[in-house]
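Hi everyone, thanks for making the time this morning. I'd like to walk you through one structure, so let me put it on the screen.

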Amino acid sequence: MITAIVRYKLPPSIDYNACLDHFRMIAPGFREAKGLLSKHFVWSETGIAGGVYQWKSIEEAKTFYHGDWMQGIIERYGAPPDIEYFEVFCITDNERGTVREVAQHRKETAAE
């Protein structure tokens, strides 16, 4: 499982309410994203917004963040986003009362 954190600077014309309205409008469309498990739409008082995504694989994440999605971000916010990828090892889910291990041990090689 992969977590991707996507951040971009909002232009001054997009305030809290405008960002919230936009996220509400586009959120249902993410149900169609291949390999996407979940997305948290995030906003900060610092003028940064974006998403925290859970993906089945790094390949599906990287495929999604190219093409139309990337072009839309650049057109709306004036620059490409900062995207950082993380492999998920464990998940603590307090709502369900569970702890789940996701990652498997990898055999280390001399090159690593």
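**A walk through the fold**

If you follow the chain along its sequence, the pattern reads β-α-β-β-α-α-β-β-β. That comes to 3 helices and 6 strands. Please keep in mind that this is a predicted model.

For a sense of scale, the C-alpha trace spans about 50 × 35 × 30 Å along its principal axes. The chain has 112 residues, and 31% of them are buried. Now look at the contacts with a separation of 6 or more: 56% of these join residues 24 or more positions apart.

Let's turn to helix 1, residues 16–26. Which of its residues are buried? They are Cys-19, His-22 and Phe-23. Why do these three sit on the same side of helix 1? Because they cover an arc of only 100 degrees around the axis. The general background is familiar: an α-helix has 3.6 residues a turn, so residues three or four places apart point the same way. On the other side of helix 1, Arg-24 and Met-25 are exposed.

And what do the buried residues of helix 1 pack against? Their partners are strand 1 (2–9), strand 2, strand 3 and helix 3 (68–77).

A word on cysteines, since somebody usually asks. Searching the whole structure turns up 0 disulfides. Cys-19, which we just met in helix 1, is buried, with a relative accessible area of 2%. Cys-90, on the other hand, is exposed, at 51% relative accessible area; the cut-off for exposed is over 50%.

Now for the pockets. The largest pocket holds about 280 Å³ of space. Strand 2 (36–43), strand 3 (48–55), strand 5 (90–93) and strand 6 (98–101) each give two or more residues to its lining. If you'd like to find it on the screen, look for lining residues including Met-1, His-40, Gln-54, Asp-93, Arg-96 and Arg-100. By class, the lining divides into 4 nonpolar, 5 polar and 3 charged residues.

The second largest pocket has about 180 Å³ of space. Who lines that one? Glu-87, Phe-89, Glu-101, Ala-103, Gln-104, His-105 and Arg-106 do. Sorted by class, that lining has 2 nonpolar, 2 polar and 3 charged residues.

So, to take away from helix 1: Cys-19, His-22 and Phe-23 are buried, while Arg-24 and Met-25 are exposed on the other side. Thanks for listening, and I'm happy to rotate the model for anyone who wants another look.

Note on methods: Residues numbered from 1 in each chain as written. Predicted model: local features only at pLDDT ≥ 70, side-chain atom pairs only at ≥ 80, totals over all residues. Heavy atoms only, no water. 1 Å grid on protein atoms, 1.4 Å probe; cavity = no way out; pocket = protein on both sides within 12 Å on 5 of 7 lines; lining within 4 Å. Points joined across faces, edges and corners; volume = space filled by probe spheres on them. Helix = DSSP H or I, 4+ residues; strand = E, 2+ residues; numbered from the N terminus. Nonpolar A, V, L, I, M, F, W, Y, C, P; charged D, E, K, R; others polar. Disulfide = S-S within 2.5 Å. Buried < 20%, exposed > 50% of the residue type's maximum accessible area, 1.4 Å probe, protein only. Arc of directions from axis to C-beta. Contact = heavy atoms within 4.5 Å.
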